Amino acid sequence: MQVLKTPEEAFSCITDFPYPPRYINVTDTMGGEIVMAYYQAGPDDGLPVVLLHGEPTWAYLYRKMMPRLVDAGFNVFVPDLIGFGRSDKPVHQKDYTYARHLIWLKEWFQQVVNQPAALFCQDWGGLLGLRLVADMPEKFVAVMASNTGLPTGDKPPSDAFIKWRRFSQDVPEFPTSEIIQQGTVSLLNTPTLKAYDAPFPSERYKAGARAFPLLVPTSPDNPESNANREAWENLQQFCRPFMTAFSDQDPVTAGGDTIMQKRIAGCSGVTHTTIEGGGHFVQEDKGEELAHHLIAFIQQ
């Protein structure tokens, strides 16, 4: 598997993400290994809180939440998914599959997080993270989901998603920071936009970002559709606290919170919330508010 590594100097202009990267090796599923980056902050003896990003962001997305979680005494872990951030980036889109992303993330989790954790997941962080919860529920003490889902392809995707998927494949230059700005209600400043572009010095680094929209199950016969159906069966039995905190201005995932509340056992008896004034990348718009809700949820 041919991979690219973003030069560290590409991140040198970032001043509002003070967390040094850590690295582990995970299998490339082809007899070799690739490198996955992550960031850790907070006391080693604190309850682990795992924050999972999605498409086309990286751990930088959580810079507004991390300090508040640390101040609350949590041990915070934020990985860069393979193909994003400081993690290795396979060059070819065919090297990225839903199944491989799950293998990579699960191996990271098993190596790094040494006790049951709370999980916050958004976008593809949910498509992957909820599969982990379904597969090893004993590893999670609480889950908060925002602007995400676990599609099986049994229902047609939204028009907004179809347009996004077509755009992601047809656009000559994948405009990472512009995509994030379009999915955010607030206006991002130039340093923030540059920070989101930093992992991708050229189009060759963006195969993973282009691949993700094609990996979402949109038909019943998708290779991961049945696995997601089985995951839903397991999630229906997940009795530990599960909270939804979707935003009010995300047309792609709208209504996903209602589905979770109806189907996941742990949603019963939990006070769910809607984040007002938040777009798809709600961590950008309302990161401090999200952190407040997450802390209160875990500590209840």
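In the predicted model, strands β4 (residues 48-52) and β5 run parallel and are joined by three bridges, with N75 of β5 serving as the bridge partner of P48. These two strands, together with helix α1 (residues 66-71), make up a β-α-β unit of right-handed sense. Strand β3 (residues 33-41) also pairs with β5, here in the antiparallel sense and over four bridges, and in this pairing F77 of β5 is the bridge partner of Q40.

Strand β5 (residues 75-79) is largely enclosed by the rest of the structure, because five of its five residues are buried, that is, each has under 20% relative accessible area. The side from which N75, F77 and P79 point and the other side, to which V76 and V78 point, are alike in that all of these residues are buried.

The largest pocket of the model has a volume of about 1,200 Å³, and of the 44 residues that line it, S158, F161, V216, V252 and T253 are the closest to its centre. Helices α3 (124-135), α4 (159-170), α5 (176-182), α7 (207-215), α8 (225-235) and α9 (256-263) each contribute at least two residues to this lining, which by class comprises 23 nonpolar, 14 polar and seven charged residues.

The second largest pocket holds about 170 Å³ of space, and its lining includes L102, I103, K106, R131, L132 and D135, as well as A227 and E230. Two or more residues of this lining come from each of α2 (98-112), α3 and α8, and the lining divides into six nonpolar, one polar and four charged residues.

Conventions. Residues numbered from 1 in each chain as written. Predicted model: local features only at pLDDT ≥ 70, side-chain atom pairs only at ≥ 80, totals over all residues. Heavy atoms only, no water. Buried < 20%, exposed > 50% of the residue type's maximum accessible area, 1.4 Å probe, protein only. Pairing = 2+ DSSP bridges. Right-handed = clockwise from strand over helix to strand, strands pointing away. 1 Å grid on protein atoms, 1.4 Å probe; cavity = no way out; pocket = protein on both sides within 12 Å on 5 of 7 lines; lining within 4 Å. Points joined across faces, edges and corners; volume = space filled by probe spheres on them. Nonpolar A, V, L, I, M, F, W, Y, C, P; charged D, E, K, R; others polar.
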